[in-house]
Amino acid sequence: MLRMQNIAKRYGATLALEHVDLEVAAGEVMALLGENGAGKSTLVKILSGLEHPDAGSIEVNGAVRAIASPGQAKAMGISYVAQELSVIGCLSVAENVLLGDTTIGVFRSQSRLARLARPYLERVGLGYIDALRPAESFSVAERQLIEIARLLSRKTRIAILDEPTATLSETEIDRVKAAVRALAAEGCAVVYVTHRLGEVFELAGRATIIRNGRSFPAVATSSVTVDQLIEMMLGRRLDQMFPERRGGGGDELLVIKDCLCPGLTAPISLTLRKGEMIGFAGQIGSGANAILKMMAGLLPIQQGSISLHGKPFTPSSAHASIAAQIAFCSDDRKRDGIFAARNLFENLTAPTIDGISRLGVIDRTREAVRARGIAQQFDIDVNKLGRLAGNLSGGNQQKVALGKWIGLDPSILMVEEPTRGVDVGARAEIYRHLRRQTDAGLSVLFSSSDTHEVHGLADRVGTFFRGRLIDLAPASTMTVESMTRAITHPDLAA
Amino acid sequence: MIPPSLSVSLRQHLSRDAGQWPAFIVMIGVLALFIIAGAATPSFLTFGNALVIVRAASMTGIVAVGMSVITLSGNLFALSAASLGAFLAVIFAIVTASLGLAAGVVAVIVVAIAAGGLQGVAVVITGNPIIATLAFGAAFRGLASILSSNGVLRINGAAAIWIGTGRPLGVPTQSWAFLILTVFAWFLIRRTSLGRRVILTGASRDAAHASGIGVDGVICTALVIMSLMVAVVALFTVCQFSEARANLFSGYDFDYIAAVLVGGIALRGGEGSPLQAALGAILISLLENLMLLNGFSAGLRIAIVGLVVVAATGTFHVLGRKHR
Amino acid sequence: MRHGLLVVAGIAAIAAFHWTDSRAFAEDKGEIVYFLPSSTNPYIGQMERGAKAKAAESGYAVKFLENNFNQAEQNAQVQQQLASGEKVAGYVWYPFDNAAGVGAMRALSRTGVPVVVTNQLPLKGTEKFFTAYAGASDDLSGKTAGEMLLAACAHSATKCDAGAIIRFPAGVSAGDDRVTGFENAIKGKLTVISVTPADGFLEDSGYKVASQIIPAEKSKITWVYTENDSMAGATAQAARENGLIPGKNIFIIGGTCHGDSSHVVNGDLIGTAIQSGYFEGWLAVQTLVKYIKTDVVLPGSVSLPADPNTPPSDSGSPHKYNFLPNPPVGNSQAAYDQAKLWGRPAKELCNF
């Protein structure tokens, strides 16, 4: 169905793609893997007509074609689903599914559109939803499925899905996977870009790996292991994903007693020690991040008491929490984690502007010293501090989002989804940095929908289900399986 | 902590200002226009005419520099600047006429700070700088009209006349003020902690809030700065002509905004510097001077300035996208 | 939110105050509805005073419907006024944009109530849509200025030939008419180097243009006509800054007294002429009332006499075109202090 050969693309001095081949058959799901910056997104842009290759050929259905524009790509049956969904919130589900369909004619009553959209929605497992409601009233996962239903309605022959599950919880992911299978079953060639390697084995028959602008011959997923895939992507051996734990149990730092806040259905008590890392596992909406948000001053405390350093503390606002040296990184890095249009000097010193100023004037030497100090701690290239944060890879952005708090000398660092949108190589780095901070005496609270991550990283693990803390115990006493049970069906947990 | 090697620190100092490129483009535009025009128009390429151009840009430029602080903070524009100017001019004239120049200056500063603060609160509460300042603009114009009883308010005094018409070192006071305030605003934005807060708030209001920056205070401060710049212009204008009226500066809001846009300051905020607004004002003034001397008809002049604004905004937008 | 409400309440209170204020003179004979741009413009503020005074004297109430210098808004106001079904004694129509307001003027005329146009001389071909014109003659204003300039040139020891015109913004028909009147008056005697529109009507606008044109044309320029005294005063300032001495080697005339008289009385300007907003409003109402009384319009035009003491009589019928006089005023303190029109001193009439 699709054969791209010898694709090369240069942006100024940087060679984004040097030599890439990609072949996908009709009805096949081909995983496209690679670290951030390897060239995946450039390849995807070429395929969807947003960029033009400097060299190489593209065959669609056996004929050599040039894809000059997104419109032309669409006419060839190539559809691209970006990470940022293009579902239009104020339009109804049916309108979204049939968006751009010119064959329907002028008589577009909502009920007729709903009838026409129905079969596509059923095939992606959305048969139960009311197609007349606006799309914005549905969850991210459901909107993702609506997007796939649109691909079906357009009789898409080549579909490119860019990290469709990046922001979803595990049960939601299953639904998306089923929809992707349905898409392939219709004879569509699917290019599936993901960072979640587990999905690759379940979904894709083969995987194409890109590293530094070059592709490897596609490998059958049945003949490789996860570690082999990771090593191919990184080009080096992956010794261990998670850093070693070193006990982590100093004095009691934070004591939360019978606290309740929006998102929780039962009061929570816990104690965080100096140098300890506690991870909360739970699906999106399970309340795993509620305590973090409450401590950050973003959610009101409805009952209970908190003591910090042995003194009562009320996180009444974001200001109050920062003043108490509690740092919080939300899971929406693009929105409030970094300043994309500003350089790293400014990003890394944003929480401590007064600390780098004298009489209200910024001392550029202090600023440089502080930024460079953080950069060294977090393995950020010191020579790249003049770059804009938005131009960095997801992993480096996350290092900036975390690292900026170090200047504040926090006592507690709270992180939601520490590795969302971070590729597999940088993930290990983030884990190492977080661990290094706790080794230095900082306490860390994090929440994640990735059970492996919580189990592998945290000293103690909390599991959440429907606003309840199911269990809080040392990670060594838990398995990933028992945790997965706890966050999906706690009643079945032992 | 870490002894920075000289080469690294130099490179960083250069690269951290890499975001300044729109200013260079405008600067090149100014120079190019100067040279082209100089070749074609006699009496254009003279020091005297350069002074004339800067003088013509001064009053618009000072407000544009203040306006740029609002744009940089991510709040687009204040559409109340012209009306606020008339209101402050009327206040200045009334107080100066009865209590003297010093009292007039103090009154104008106090009222400007209050007006800026109130508008800041309104922008924060409504979340919409355009609507909030538009409403305030109507109120300011109305108040100016009531306070002046729609008449002409006169002031007298040698000091006021010197402020309005003096030429220290052969350069008009207004041009000095333009120069000094541009440098001041540039320093404020690029080098002070307040300026850093303004820029970060503009770059991402959410991220600024999450980093513990008091974004509401930053927005109020930006409007106060703009109001103070407007106060300076009101003061100079009243002093120059020894009078104030309620309909002063009518229709000037477009000029202020045009200068900010032609200067290439990103509308989404967080990128650029007040220097660009000043250069934008000079570029427009240059263009107008050129057209004036070449006898372009009024319609053509307005259309060309409009097209330049559209072209500049479009170019910066496209370049900005390529840049990231 | 609360602040927003306060602002709205404040504006509403101000609006209500103005509304009741404008109705304060209600009497039995009926109401005159006066459409005009915003009185934030001091000239228009004067106009309202004159209209109100004359209406009260004649036993009418007058309601001002102001627009914010926007013809679309004014047209909408006409629609609303007509839809209200109010009984009206007559309309005064001061369109912001003459051409774009013809439709609205026609709608007013169809009610059968008299319509007196003021300030903007109606376009040719629209005679059926208004009863009479009563207001300034911008042509006459330009002509007066041209004649005063010629007289000054005749007595000048230095060269007086080429000069520049700084006019009102493009599209302001009063600006067109004044330039035409001026150019006709000086035709064959003086040369015009350039006609440059300013971006406003006040000192700062005039200064902006003059400070650029004068240095560029310094060797040629011997006079500047600016259409009003505000811009003329600013031009005198710009001339001084460029080493020219107004009244000696450059002659500056605004032709309509406006704002600061200091440049007239100190001789910077070669003189001025009274263009009174107060009497323009006054005359519009007088014309309307004279028509209501007699139901007759005399054909042709009349330039009302510029008597220093006596205003035109209330008796008789108006002409189709009734022009306000533009009496010249000399450029000395004594001449300025003595100048009067229709019983009111220049000092008062020019303060806008």
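Let me start with one pair: Glu241(C) forms a salt bridge with Arg167(B), and their closest N and O atoms are 2.9 Å apart. Please keep in mind that this is a predicted model.

That pair belongs to the interface of chain B and chain C, where two salt bridges are found. Polar contacts are there as well: the count between chain B and chain C is eight residue pairs, both residues at pLDDT 80 or more. On the chain B side, the elements giving two or more residues to the contact with chain C include helix H3 (47-72), helix H5 (101-126) and helix H6 (129-147). Further along chain B, helix H11 (215-241), helix H13 (274-293) and helix H14 (298-323) do so too. If you sort that side by class, you get 17 nonpolar, twelve polar and nine charged residues.

How much area do chain B and chain C bury between them? About 3200 Å², with 56% of it on carbon and sulfur atoms. In chain B, the residues that lose the most area to chain C are Asn150(B), Phe241(B) and Arg245(B), which together make up 18% of what that side buries. As for residue numbers, chain B brings 38 to the contact and chain C brings 38.

Now, on to the cysteines. Over all chains, the structure holds two disulfides. In one, Cys153(C) is bonded to Cys160(C), with the sulfur atoms 1.8 Å apart. Both ends are tucked away: Cys153(C) is buried at 14% relative accessible area, and Cys160(C) counts as buried at 16%.

The other disulfide joins Cys257(C) and Cys350(C), again with 1.8 Å between the sulfur atoms. This link is left-handed, with -80° about the S-S bond. Cys257(C) sits in the loop between strand E9 (251-253) and helix H9 (262-265) of chain C, while Cys350(C) is in the segment after helix H12 (346-349), so the bond ties together parts that are 93 residues apart in sequence. Cys257(C) is buried, with a relative accessible area of 2%, and Cys350(C) is buried at 2% as well. Number the bonded cysteines of chain C in sequence order and the pairing reads 1-2, 3-4.

Over in chain A, why does Cys329(A) have no bond? Because the closest cysteine sulfur, in Cys261(A), is 19 Å from the sulfur of Cys329(A), which is too far. Cys329(A) is also buried, at 5% relative accessibility. Cys90(A), on the other hand, is exposed, with a relative accessible area of 59%.

Thanks, everyone, and I'm happy to take questions!

Conventions: Residues are numbered from 1 along each chain as its sequence is written. Chains are lettered from A and ligands numbered from 1 in the order in which they are written. This is a predicted model: local features need pLDDT of at least 70, side-chain atom pairs count only at pLDDT 80 or more; totals for chains, interfaces and linings use all residues. Side-chain values use heavy atoms; hydrogens and water are left out. A disulfide is a pair of cysteine sulfur atoms within 2.5 Å. Buried means under 20% relative accessible area, exposed over 50%, partly exposed in between (1.4 Å probe, protein chains only). Helices (H or I, at least four residues) and strands (E, at least two) are DSSP runs, numbered from the N terminus. Contact means heavy atoms within 4.5 Å. Buried area is the accessible area (1.4 Å probe) that two parts lose on being put together, summed over both. A salt bridge is a side-chain nitrogen of Lys or Arg within 4 Å of a carboxyl oxygen of Asp or Glu. A polar contact is a pair of N or O atoms within 3.5 Å; within protein, one must be able to donate a hydrogen and the other to accept it, and residues adjacent in sequence count only if both atoms are side-chain atoms. Ala, Val, Leu, Ile, Met, Phe, Trp, Tyr, Cys and Pro count as nonpolar, Asp, Glu, Lys and Arg as charged, and the others, Gly among them, as polar.
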